[in-house]
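Thanks for sharing this one. Here are some notes on the ligand site and the empty spaces, set out as numbered points so that you can follow them with the model open.

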Amino acid sequence: MTDVLEARRVRVLVLGGGYAGVLATVRMAKRLAGRAEVTLVNDRPDFVQRIRLHQLAVGQRVAAPSLDHLLRKTGATLLVGRATEIDPGDRTVSVATAEGQLSVSYDYLVYALGSGSGAPPIAGIAEHAHHVATEEGARRLASRLGQCREGDHVTVVGAGLTGVELSTEIAEARPDLRVTLLTSGSLGSDLSAAGAAALARAMTALSVTVREHTALASAARTSIRTADGEELDSHVTAWCGGFFPNALARSSGLPTLADGRLALDGHLRSIGAPEIFGAGDGVGLAADEARYVRMGCVTALPLGAAAADNVIATIEGAALEPFGFGFFARCISLGRRRGLIQRVSSDDQPMESVITGRLGAKIKEGVCRFTLAALAMERLFPGTYSWPKRHIPILPGSTSSELAANIG
Ligand SMILES: Cc1cc2nc3c(=O)[nH]c(=O)nc-3n(C[C@H](O)[C@H](O)[C@H](O)COP(=O)(O)OP(=O)(O)OC[C@H]3O[C@@H](n4cnc5c(N)ncnc54)[C@H](O)[C@@H]3O)c2cc1C
């Protein structure tokens, strides 16, 4: 009789096949080959390039590679289904699949469910406003824009990065429409003086009307009302006031930040459940000094890689690395022919250095292509993806117990 019993392989479950989840999966699968089963759960079989959804909204073709393709030859398994509950006590996740409800066990979990749309408490938004936070939302907007006639009014609400990218994309693709960008603040307030001036020039060149210091009070089918009572024609209204983190962490009773993101310590572990790691839009470091690590593809990829490294370190009994990251630039598309690259400090403050125009557009396109290329490279050469300032920890030495007071 052989006295060598085969040890059970460690089960690593990744929830969410976006930028963070796919990168984490491919980074772990080959490096843990033979020691762990890595499974990716995603509610659709393909990868959504969310950073291009404003392009989809104006009818451009955006590639959506299958997740099977992105994971091929890594040894990772794809489970297509919707995670409906996490039970950290039993270490199981309930997953609704086409074949029925499954209970999937894990030893380590990576929570990477991202963010999506949600209606703010403004009358008529849920019923009448479009959004580009999800692929379905972008496709609905594309279909609605397709029905618009010359001279129809389109209002984009919110002048953050998404509102700026969407309004300029629509204005460039549909010069026959009258596009207004509505903001309760001022345009380019989070850019340098040079960046704000370049943005204003692009809005003028594309004939986008910018209404600053104007808050939206309500939306109806073909009009909107501002907070000062003005009624404006709006045949299509798109809400770009921010993304909402996935609600599963909160509904499963895991500790979250006030906005519902899974609360993590400096090693990207859930506070209270150290076998759960997190990455991407659905998570946040539970300390005030980490606030600048905002939602974004630019943070989702580093978080996904760092979470994967710490899962591997935990399995190997090695020391975990605190998450380190610093920003370097904001890359903004202004249609296909113009772009704005705003240099920023490590904590995302604008500096007086910008690249604009066609060169800006080329750099931005290169950055978008890089995101898919990074996933492909990581699949072939796991562990190679790296990011700026990873060796400067954001919360050096932070532990779950030190951070517990910051949970909302
Ligand atoms: C129009 C637009 C432009 C943008 N431009 C930029 C930009 O220029 N730069 C930048 O940094 N960021 C940009 N972003 C933000 C960026 O897209 C997000 O920050 C990024 O997608 C977050 O990645 P993620 O992996 O955390 O989550 P996601 O990409 O949201 O992926 C989450 C995945 O989880 C799946 N999922 C959700 N719930 C479940 C469930 N219950 N069960 C199973 N699967 C589930 C989803 O289907 C999805 O596949 C942009 C976003 C939009 C919409």
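1. A word on the source before the details: this is a predicted model. Starting with the make-up of the ligand's surroundings, the shell holds 12 nonpolar, 12 polar and 7 charged residues. In total, 31 residues surround the ligand. If you want a place to begin looking, the closest are Asp43, Arg50, Asp281, Cys297 and Lys364.

2. Which residues place polar atoms by the ligand's oxygen atoms? On the side-chain side, Asp281 has a polar atom 2.8 Å from an oxygen atom of the ligand, and Asn42 has a polar side-chain atom at 2.9 Å from a ligand oxygen. Cys297 takes part through its backbone, where a polar atom is 2.8 Å from an oxygen atom of the ligand.

3. How much of the ligand does the protein bury? On its own the ligand would expose 990 Å², and 91% of that is buried by the protein.

4. As for where the shell comes from, two or more residues are given by each of α1 (19–29), β4 (82–87), α6 (161–173) and α9 (297–316). Of the elements, α9 gives the most, with 3 residues. At the level of domains, at least three shell residues come from domain 1 (10–116 + 244–325 + 388–406), and at least three from domain 2 (125–239).

5. Do have a look at the second largest pocket too, whose volume is about 240 Å³. It is lined by 14 residues, and those closest to its centre are Leu257, Arg261, Leu285, Ala287 and Arg291. By class, this lining has 7 nonpolar, 2 polar and 5 charged residues.

6. Turning to enclosed space, the structure has 3 cavities of 30 Å³ or more. The largest cavity holds about 80 Å³. Its lining consists of Arg261, Gly280, Asp281, Val283, Gly284, Leu285, Val293, Arg294, Met295, Thr299 and Leu303. Sorted by class, these are 5 nonpolar, 3 polar and 3 charged.

7. Which elements supply at least two residues each to the lining of the largest cavity? They are β21 (283–285) and α9, with β21 giving the largest share at 3 residues.

8. Finally, some residues and elements turn up in more than one of these places. Asp281 is among the residues closest to the ligand and also lines the largest cavity. Arg261 and Leu285 are among the residues closest to the centre of the second largest pocket, and both line the largest cavity as well. Likewise, α9 contributes to the ligand shell and to the lining of the largest cavity.

Terms used: Residues are numbered from 1 along each chain as its sequence is written. This is a predicted model: local features need pLDDT of at least 70, side-chain atom pairs count only at pLDDT 80 or more; totals for chains, interfaces and linings use all residues. Side-chain values use heavy atoms; hydrogens and water are left out. A residue is near a molecule or strand if one of its heavy atoms lies within 4 Å of it. A polar contact is a pair of N or O atoms within 3.5 Å; within protein, one must be able to donate a hydrogen and the other to accept it, and residues adjacent in sequence count only if both atoms are side-chain atoms. Accessible areas come from the Shrake-Rupley method with a 1.4 Å probe; for residues, only the protein chains shown count as cover. Helices (H or I, at least four residues) and strands (E, at least two) are DSSP runs, numbered from the N terminus. Ala, Val, Leu, Ile, Met, Phe, Trp, Tyr, Cys and Pro count as nonpolar, Asp, Glu, Lys and Arg as charged, and the others, Gly among them, as polar. Domain bounds come from an automatic or database domain assignment. On a 1 Å grid over the protein atoms alone, a cavity is a set of points where a 1.4 Å probe fits but cannot get out, and a pocket is an open set with protein on both sides within 12 Å along at least five of seven lines; lining residues have an atom within 4 Å of a point. Grid points are joined across faces, edges and corners, and a volume is the space filled by probe spheres set on the points.
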